[in-house]
Amino acid sequence: MCMSNPITPFLMFSGQAEEAMNHYLSIFDDSNIQQIFHHEDGKVMYAIFTLKGQTFMCIDNTNGDHHAFTPALSLFVACKSDEEIETVFRKLSDHGKVLMPLAPTPVSEKFGWVEDKYGVSWQLNLEKKQ
């Protein structure tokens, strides 16, 4: 297993790793699953995928413990257009929750913070034009 990034975010899901990956791939351009290995029961042993060119890894937790995601760590997404930030915000917040609605900030044309339906926290930013 060879990673191109020296630090790779690693997400542990409670049985929804493959569903979450496919959901994220449906939202972000320049995204794909590079490798996926399953346990005999179909759960993800480990997977490598990219979103907007950023490499991630994920697994399904199989030890029975539940480890929730927390907004104390979030994924920051630089959006390129108003259409992109609106679409990504809507799709990630669907069945999730809005932690901060999309709004202008002193340094952003628009900024929003959501927790998706899997509990992963996302900060979405559209930089102000110079």
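Which strands and helices do the buried residues of H1 pack against? They pack against strands S1 (10-13), S2 (32-38), S3 (44-51), S4 (54-60) and S8, plus helix H2 (82-93), with contact meaning heavy atoms within 4.5 Å. Helices (H or I, at least four residues) and strands (E, at least two) are DSSP runs, numbered from the N terminus.

This is a predicted model: local features need pLDDT of at least 70, side-chain atom pairs count only at pLDDT 80 or more, and totals for chains, interfaces and linings use all residues. Residues are numbered from 1 along each chain as its sequence is written, and side-chain values use heavy atoms, leaving out hydrogens and water.

**Helix H1**
- In H1 (residues 17-27), the buried residues (under 20% relative accessible area, 1.4 Å probe, protein chains only) are Ala 17, Ala 20, Met 21, His 23, Tyr 24 and Ile 27.
- They span an arc of only 160° around the axis, so they sit on the same side of H1; the arc is taken from the directions from the helix axis to the C-beta atoms.

**Strands S6, S7 and S8**
- Six of the eight residues in S7 (residues 108-115) are buried.
- S7 runs antiparallel to S6 (residues 97-103), joined by four bridges; strands pair if DSSP finds at least two bridges between them.
- A four-residue hairpin links S6 to S7.
- S7 also runs antiparallel to S8 (residues 121-127), with seven bridges.
- Glu 115 in S7 stands opposite Lys 97, and its bridge partner in S8 is Ser 121.
- Five residues separate S7 and S8 in their hairpin, where Gly 119 takes a positive phi near 95°.

Definitions and conventions. Buried means under 20% relative accessible area, exposed over 50%, partly exposed in between (1.4 Å probe, protein chains only).
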